[in-house]
Amino acid sequence: MTATETPHPAFFFDRDGVVNVSPGAGYVLRPEDFHLSPGIAGALAWCKKAGFKLILVTSQQGVGKGLMSQETLDAIHARMQAMLAEQGTAFDGIYACTHLSGTCTCRKPGPEMIFRARDDHGLDLGRSWLVGDHDRDIQMAKNAGVPHTIRILSHHEPRVAADHTLASVAELEDLLQRLFPRS
Ligand SMILES: [Mg+2]
Ligand SMILES: [Zn+2]
């Protein structure tokens, strides 16, 4: 980013349980097992149209555990981008912590993935949002200075408060339209 460019606000998205249907306790290990959540493409397209950069921040420890290769994770994300592109949108940046717990500095709820995205894309974190389904997502936003958070309810009991809570991703675009009414 050059000094003349205005920083963009971003919408940060957790992946499993938000962008795609949750694989439960395990991992999505094959591209064919990656299924977009109903309504996510519309919500992403809405965010992009409203001027936000779209950034994926995901924990994929299955790589560190040897359950899938980095190449497979890349293929899963290529499929995700292709599926979104069919609906006219895509992520601007993808950040994944693939490391075993305790072996890196980027694991959620640490803010490092968000800071890397900020530096790569020239983001204004103070006007940014995060959508997640787990306490560690919401806490990562707080740790990074991202002030606005939306939680998608999951089987995880919420302990870290988010600004907005939705029963499912299908409700997200409606919430965005209420939060940012177009003049
Ligand atoms: Mg999740
Ligand atoms: Zn990491």
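How are the donor residues of the magnesium ion (ligand 1) spaced in sequence? The spacing is D-x1-D-x116-D, where donors are N, O and S atoms within 2.8 Å of the metal (3.2 Å for Na, K and Ca), and sites may look incomplete because water is not among the atoms. This is a predicted model, in which local features need pLDDT of at least 70, side-chain atom pairs count only at pLDDT 80 or more, and totals for chains, interfaces and linings use all residues. Residues are numbered from 1 along each chain as its sequence is written, chains are lettered from A and ligands numbered from 1 in the order in which they are written, and side-chain values use heavy atoms, without hydrogens and water.

**Magnesium site**
- Asp14 (OD), Asp16 (O) and Asp133 (OD) are the protein donors of the magnesium ion (ligand 1), 2.1 to 2.2 Å from it.
- Aspartate 14 and aspartate 133 are both buried, meaning under 20% relative accessible area (exposed is over 50%, partly exposed in between; 1.4 Å probe, protein chains only).

**Zinc site**
- Cys97 (SG), His99 (ND1), Cys104 (SG) and Cys106 (SG) coordinate the zinc ion (ligand 2) at 2.1 to 2.3 Å.
- The sequence spacing of these donor residues is C-x1-H-x4-C-x1-C.
- Histidine 99 counts as partly exposed because its relative accessibility is 30%, while cysteine 106, at 3%, counts as buried.

**Around phenylalanine 13**
- Leaving aside neighbours within four places in sequence, phenylalanine 13 is in contact (heavy atoms within 4.5 Å) with residues including Val19, Leu44, Phe91 and Leu172.
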